[in-house]
Amino acid sequence: MEDVNLEIIAKENTENSKANAETETAPDGNDKSSSEIKETELTLEEKDKAAHWKRRSASFLTGQAFSMFGSMIVQHAIIFYLTLTYKSGVIMMLAMLCGFLPQIIVSLFSGVIADRVNRKNLIIIADGVIAAATLALAILFLSGFQYVWLLFLVMGIRSAGTGFQMPAVNAFIPQIVPSDKLLKVNGFVNAIQSAVMIVSPVLAAAILGAMTIEIIFFIDVVTAIIAIVILMPLKASKYSRSGEKVGYFDDLKQGVKFVFKDKPLRTFLFFWTLFMFLLTPAMFLPPVHIARAFGEETWRLSLSEVGFATGALLCGILLSAWGGFKSRFKTLFFGCILFGASTFAMGLGGNTFGLIFGTEYSGELFYILFVVFMFISGMSMPFVNIPSTTLIQQYVEPQMLGRVFGLLQIVSASAVPLGSLLSGPLADVINIEFIFIGSGILMMIALLAMKFNKYARLIEKKD
């Protein structure tokens, strides 16, 4: 009997100790449960985020501006170099594959890693690896090893670094920015990117005309170092991770199941992938088209890029100040339709008019019109990129954001090489103007299907 009583007392003591472990006495004497403590910590983090988001966002955006500046200069320099050296759709296709396939491969696990590790450190490491690869390329080129396969190799390494970096960047922004300010900050990101896109092709063309491509490689290394130094002291709020330790593949499966079980998210990603596939010709064939139809001068290549970037900058600033339509989905649809229409218009060149009217047209007028339509397509990009990113950031739980953005990167980045595999060789067989017209028409048809799909629209309606 005594043993039974002792057993009961021991059991009661155990239960009491558990209860005490789950509570603590506040300074005013009130007991707080562990859940209340966590809620208090969360509230304090949210207050800290709301108080310091402007300063932290400014630091983060400044670092990203330097990083993007170096990357964009290198990107344009390589594209100009390959275009003027080979003037081949197949070479541009290979460049696109090297620029996207590694990104697709690493995206299989970069999203999971972004949800498991410190996202800021992941961004820094990716920037450092990209800079190191670019430095090695510069040294090799200066040593006389100027082989096209070296360019493709470094493009692949840079692509892999981007594959790690982008899910981490998109998932990191909500850690320093309140939810109701995300569209504004994403708008500034887009505006900075557009401003860099205006300057970088001009500088790339000027340096290629006056000096050598190695100088551009060294510029990228310096800007990457500056970006890393700016980002290192930045503080960010924590995000909750699951207390249960699971393996990498379990984490990956959770991300895939989350996307494919959620019908609005799944449908949205399907149309996004289709759109990315159809816009590929408008993204990588303009330099080849300009070199063939209008002339091989570097200023022609850079002016079209500047036109695109200027349109994106102006509308990025507009969208940051205005906020877009009340419906994020409506803003996205407007941008996609505008891009499809401008792609169609880019195909209205001399060969198209010759086919319609039986007379071949040529001259500077068609080059000017082409740059104008590039400007309009640039105007559409903030209406595409900003609301799509914001929709996902607001729809998905913070602890899943890295995996979802990783999967988004996989499907969208896969669409671009697939599109280049089709349109690259096709550009060496038929006139590029006809490719622009066809992709523009198909884009607008696909977007109308998205507009009237009820599940795609529900991406904005989740509580």
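**Close-up views of helix packing, cores and helix H10**

**View 1. Helices H6 and H14 are oblique to each other.** In this predicted model, local features need pLDDT of at least 70 and side-chain atom pairs count only at pLDDT 80 or more, whereas totals for chains, interfaces and linings use all residues. Residues are numbered from 1 along each chain as its sequence is written, and side-chain values use heavy atoms, with hydrogens and water left out. H6 (residues 182-210) and H14 (residues 364-395) pack at an angle of about 140°, their axes lying 9 Å apart; oblique covers angles that are not under 35 degrees, over 145 or from 65 to 115. In H6, the residues Leu182, Leu183, Asn186, Gly187 and Asn190 meet residues of H14 that include Met381, Pro382, Asn385 and Ile386, contact meaning heavy atoms within 4.5 Å.

**View 2. Phe217 belongs to the largest nonpolar core, which has 94 residues.** Such a core is a set of buried Ala, Val, Leu, Ile, Met, Phe, Trp, Tyr and Cys residues joined through side-chain atoms within 4.5 Å, where buried means under 20% relative accessible area with a 1.4 Å probe, protein chains only. Leu82, Phe217, Leu265, Phe275, Phe339 and Val396 touch the most other members. Not counting residues up to four places away in sequence, Phe217 touches Val74, Ile78, Thr134, Leu137, Ala138, Phe141 and Leu151.

**View 3. Helix H10 (residues 286-293) is largely enclosed by the rest of the structure, because six of its eight residues are buried.** The buried residues in H10 are Pro286, Pro287, Val288, His289, Ile290 and Ala291. Just after H10, Gly295 takes a positive phi of about 145°.

Note on methods:
Axes fitted to C-alpha atoms, helices over the stretch in contact; angles between N-to-C directions. Helix = DSSP H or I, 4+ residues; strand = E, 2+ residues; numbered from the N terminus. Buried < 20%, exposed > 50% of the residue type's maximum accessible area, 1.4 Å probe, protein only.
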